[in-house]
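Let's take a friendly walk through this protein together. Have the sequence and the 3D view open as you read.

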Amino acid sequence: MRVFVAGATGYVGSAIVRDLLAAGEEVVGLARSDASARALARAGVEVHRGDLGDLESLRCGAAEAAGVVFAANQHISETTDPAARARVEFDAVEAIGAVLEGTGKPFVVTSGVIGRTPGRLLTEETPAVPTAAALRLPVERSVLALGARGVRSSSVRLAPTVHGRGDARGFVPMLIGIARAQGVSAFVGDGSNRWPSVHREDAAVLFRLALRSASPGTAVHAVAEEGVPFRDIAEAIGFRLGLPSVSLAAEEADGHFGLLAPLVSLDNPASNALTRERLGWAPSRPGLIADIEAGHYFEDAA
C-alpha cells in the first residue's frame, strides 16, 4: 500500500513510518523543510514537499496514495495558540477528506483521550464532552464523519503520555524540567488522578492496524495502561532526580506547573478493550513508570 503520512518526521510520526516500512508498505512523507526532506530520504521514504497550510499539496498527496495517515501535531509551548493550531489541522483534514470521499481508501487521523470525559472511564464508544482540553475534537469528528461518505476513516486516540526514547518535548520531559527547576517533584492532592500511557512503538503498530482494518468512522485507543496514578509518575521522577516528592494544594498548582497546571490534576482513565478486540492490538513495550525508571529521559535531558 502506498501511504501518505503527514507528520512523518515527528516523534510519533517517525515511529509510524518505521513500522510501515518494516511491514513492507510504501511510504510518502510530507516535508515542510529541507532538513525534514533529507531525514525522510535517508529513511527510504519518498518526499512530498508541503505543510499543513498548503492545502493543494495535501490534496495531491492524498489523491496519489492508497491510504493516508495524519499524524501531524504541533507541540505545546508557552507561545502555542491551541485554537489556531486546531483550526489549521481542521482545514487540513477537510482538504484531504474531500479528495478521499467515495474512494473507500483508509484515512487515519491522530487524536487524544485527554480531557474528553473527566473523572469517568473513556471507551472507544463513549460520547466525548467538548472541553478546553479537547480542542482537537472537531478534527476527529470531521474525519470520522467521512465513514458515511465512502472513506474508511478512523481516529487513533493517543494517551497523553506517549513515552519512549526520543521523547524530548512531551509531558514527561516537561515534568522533569519543572521538577529540576522547582527542586521538588510534585503532584496535586493525593495524586490519585490517573493518566493513560502508551509506548510510542506500540502506538505506531496501532496506526498500521487501523490503516489496514479499522471499520469506517471508528475510534481506537492507543492506550496501553488505562491510568497511571499521577503520584506514581511524580515519585518516579523524584527518585531519578534525587528530589523529594511533595503534595500541593490545588491553588498552588499554577505557580508550580505553569501551563501544565490545568492538566496535572485531571483524572482521565481510558479503556483499550474494544481496540484490542477489534484490531488484535497487543501492546508489549515497557509501561510508563518502567520507562522513567530506565533512565533515558534523564540522559536525554542532560
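## Around helix H5

The buried residues of H5 pack against four elements: helix H4 (82-100), strand S5 (106-112), strand S6 (152-158) and strand S10 (218-222). Helix H5 itself covers residues 137-145, and its buried residues are Leu137, Val139, Glu140, Ser142, Val143 and Leu144. Please keep in mind that this is a predicted model.

## The chain as a whole

Stepping back, the protein chain holds 13 helices and twelve strands. Its radius of gyration is 19 Å, close to the 19 Å that the globule rule gives for 302 residues, so the chain is as compact as a globular protein of that length. Along the principal axes, the C-alpha atoms fill a box of roughly 55 × 40 × 35 Å.

How much of the chain is buried? Buried residues account for 53% of the 302 residues. If you look at contacts between residues at least 6 apart in sequence, 78% of them join residues at least 24 apart. As for the outside, the accessible surface is about 12,400 Å², and carbon and sulfur atoms contribute 52% of that. The chain carries 29 positive and 35 negative charges, and the mean positions of these two sets are 4 Å apart.

## An aromatic cluster

Now for the rings. The structure holds three aromatic pairs. One of them joins tryptophan 195 and phenylalanine 230 in an edge-to-face arrangement, with 5.1 Å from centre to centre and 70 degrees between the planes. Tryptophan 195 belongs to strand S9 (residues 194-199) and phenylalanine 230 to helix H8 (residues 230-241), so this pair ties together parts that are 35 residues apart in sequence. Tryptophan 195 counts as buried because its relative accessibility is 1%, and phenylalanine 230 is buried too, with a relative accessible area of 1%.

Phenylalanine 230 also pairs edge-to-face with phenylalanine 257, at 6.4 Å centre to centre and 80 degrees between the planes. This second pair links distant parts of the chain, since phenylalanine 230 is in helix H8 and phenylalanine 257, 27 residues apart from it, is in helix H9 (residues 253-257). Phenylalanine 257 has a relative accessible area of 4%, so it is buried. Which residues make up the cluster of linked rings? Ring pairs join Phe171, Trp195, Phe230 and Phe257.

## Serine 185 and leucine 279

Serine 185 is part of strand S8 (residues 185-188). With a relative accessible area of 4%, serine 185 is buried. Setting aside residues up to four places away in sequence, serine 185 touches Ala179, Ala234, Ile237, Gly238, Pro244, Ser245 and Val246.

Next, look for leucine 279, which is found in helix H11 (residues 273-279). Is leucine 279 buried or exposed? Its relative accessibility is 12%, so leucine 279 counts as buried. Residues that leucine 279 touches, not counting those up to four places away in sequence, are Leu206, Leu209, Ala210, Ser213, Ala214 and Val220. Between the C-alpha atoms of leucine 279 and serine 215 there are 9.6 Å, while 64 residues separate the two along the chain.

## Valine 68 and glycine 13

Valine 68 sits in strand S4 (residues 67-70). At 1% relative accessibility, valine 68 is counted as buried. Its contacts, apart from residues up to four places away in sequence, are Phe4, Ala62, Ile96, Leu100, Pro106, Phe107, Val108 and Leu211. One of these partners, Phe4, is 64 residues away along the chain, yet the C-alpha atoms of valine 68 and phenylalanine 4 are separated by 4.8 Å.

Our last stop is glycine 13 in helix H1 (residues 11-22). Which residues does glycine 13 contact, leaving aside its neighbours within four places in sequence? They are Gly7, Ala8 and Ala71. Glycine 13 has 1% relative accessibility, so it counts as buried. For a sense of distance across the model, try selecting glycine 13 and arginine 240: they are 227 residues apart in sequence and 29 Å apart in space, C-alpha to C-alpha.

Key:
Residues are numbered from 1 along each chain as its sequence is written. This is a predicted model: local features need pLDDT of at least 70, side-chain atom pairs count only at pLDDT 80 or more; totals for chains, interfaces and linings use all residues. Side-chain values use heavy atoms; hydrogens and water are left out. Helices (H or I, at least four residues) and strands (E, at least two) are DSSP runs, numbered from the N terminus. The radius of gyration is taken over C-alpha atoms; the globule rule is 2.2 Å times the number of residues to the power 0.38. Buried means under 20% relative accessible area, exposed over 50%, partly exposed in between (1.4 Å probe, protein chains only). Contact means heavy atoms within 4.5 Å. Accessible areas come from the Shrake-Rupley method with a 1.4 Å probe; for residues, only the protein chains shown count as cover. Lys and Arg count as positive and Asp and Glu as negative; His and the chain ends are not counted. The place of a charge is taken as NZ of Lys, CZ of Arg, CG of Asp or CD of Glu. Rings of Phe, Tyr and Trp (its six-membered ring) pair if their centres lie within 6.5 Å; planes under 30 degrees apart count as stacked, over 60 as edge-to-face and the rest as tilted.
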